[in-house]
Amino acid sequence: MEIECRYDVKFVDGWQPEALKKCLAGAHRIVMTAHSNADGDAVGSLTAMFALIHAITQSGNQAISLTPMLPDGCPEDLAWLPHTDLILSGKSDLQRCQETIREADLIVCMDLSTLDRTGVLAESIKASQARKVLFDHHIGPDRDAFDLVVSDPEISSTCELIYWAFRISYGREVFDGDSAASLFTGLCTDTGTFTYSNRQQSIYLAAGELSQMGIDPMEINRQIKNVFTEARLKFFGYAMSQLLTVYPEQQAALMVIRKEDMQRYGVESADLTGLVNEVMKLHIVDCAILVREEENRVRLSLRSKRFTDVNQMAGELFNGGGHTRAAGATSFLSLDETVDSVKRKLGVGV
């Protein structure tokens, strides 16, 4: 059954599929990247973009080089996705990443609203004279930093955004099993497997079409959910039992993680993916905030169910942002000062 396309995905200058086609048709050295501490939507977007551009350029006999890269490399729990073995890491191979960026004539960024989210790659990307394209679903993308922006903050994920953009521009035949698996992964991880606030029917239409493209949705969900190491599982238990404070009157919860907590269990930042969502299972909690100490900074992850606009909260706290129900921020205060600021915002005792 043919499913009708969703035609209201927004380019910065209106819906112009030809603008995307023109960018890709004229490129010979393409770099693709996403944000630091990459999650399923970021890695799924990146690997899907690699597969899609490869398919488009191969069909047109276009001689190009395609280089996917991530500021911190690919997280181990997403290394099962196709083409992750080709991803360069800014953490372990920065010089090669910088040289590749300098030689690029097109840079495609995904799942970020500003170039600063590309971490150690940011300065090289900013300095590049290459055309820059952004695919993103966050509120307030930095449109001035890109030549073309594909943006829709009402859409579920960057993977869904990419699906509709390429579906409309090139048709269903451009997708294969690899691109479909990557896009379905990002769609699932950014929606909690369709459990978050998903008002747009387009997410279910996209999932339905992707499921018909030679993928195994059950296996993808198994790979997403059943990837815990023993250390990570034990740390989740420790964090929930020892590091979580619930404020019933405010319908809020706060989890504070210090570097020594992570060192004790041998886990890294990537191992904390999904931890704040576990807090949201508490029926009395509408807003949950995870505060994580890192080198020279503190990262915040904010989630809400119904009433709290965490995008606004993140912006007011540390100029962060994201979505109404999921946002993030970075503080350069000490951990204790950051926690005090969060408590004041929640209206609890400091």
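Which residues form a nonpolar patch on the surface? In this predicted model, the patch consists of Val 246, Leu 282 and Ile 284, and the accessible area of these residues together is about 180 Å². Ile 284 is located in the loop that runs between helix H11 (275–279) and S9. Its relative accessibility is 32%, so Ile 284 counts as partly exposed.

Strand S9 (287–294) also contributes to the surroundings of helix H13, being included in what covers the buried residues of that helix. H13 comprises twelve residues, 335–346. At 1.5 Å a residue, a helix of this length should span 16 Å, and the end C-alpha atoms of H13 are 17 Å apart, which agrees. The buried residues of H13 are Leu 335, Thr 338, Val 339, Ser 341, Val 342 and Leu 346. Because these buried residues fall within an arc of 160° when H13 is seen down its axis, they line one face of the helix. Their cover includes, besides S9, the strands S8 (252–257), S10 (297–304) and S12 (326–331), together with helix H12 (310–318). Just after H13 comes Gly 347, which takes a positive phi of about 80°.

Helix H13 is also linked to H12 through a pair of charged side chains. Lys 345 forms a salt bridge with Glu 316, and the closest N and O atoms of the pair are 2.8 Å apart. Since Lys 345 belongs to helix H13 and Glu 316 to helix H12, this salt bridge ties together parts that are 29 residues apart in sequence. Lys 345 has a relative accessibility of 35% and therefore counts as partly exposed. Glu 316 is likewise partly exposed, with a relative accessible area of 46%.

The count of salt bridges in the model comes to 15. One of the pairs joins the side chains of Glu 294 and Arg 297, with an N to O distance of 2.7 Å. Glu 294 has a relative accessible area of 12%, which means that this residue is buried, whereas Arg 297, at 26%, is partly exposed. A further salt bridge is made by the side chains of Arg 96 and Asp 93, where the N to O distance is 3.9 Å. Arg 96 counts as partly exposed at 46% relative accessibility, and Asp 93 counts as partly exposed at 27%. In addition, Asp 116, Glu 123 and Lys 126 are linked in a network of salt bridges.

Helix H5 was examined in the manner of H13. H5 covers residues 158–170, and its 13 residues should span 18 Å at 1.5 Å a residue. The end C-alpha atoms of H5 are 18 Å apart, in agreement with that expectation. The helix is mostly covered, with 13 of its 13 residues buried. Gly 171 follows H5 and has a positive phi, near 90°.

Towards the start of the chain, Gln 16 lies in the segment before helix H1 (17–25). The relative accessible area of Gln 16 is 37%, so this residue is partly exposed. Gln 16 and Cys 188 are separated by 172 residues in sequence, and their C-alpha atoms are 27 Å apart in space.

Note on methods. Residues numbered from 1 in each chain as written. Predicted model: local features only at pLDDT ≥ 70, side-chain atom pairs only at ≥ 80, totals over all residues. Heavy atoms only, no water. Helix = DSSP H or I, 4+ residues; strand = E, 2+ residues; numbered from the N terminus. Expected span 1.5 Å × (residues − 1). Buried < 20%, exposed > 50% of the residue type's maximum accessible area, 1.4 Å probe, protein only. Arc of directions from axis to C-beta. Contact = heavy atoms within 4.5 Å. Patch = residues over 30% accessible without salt bridge, like charges linked within 9 Å, V, L, I, M, F, W, Y side chains within 5 Å. Areas by Shrake-Rupley, 256 points an atom, 1.4 Å probe, with all protein chains shown as cover. Salt bridge = Lys/Arg side-chain N within 4 Å of Asp/Glu carboxyl O.
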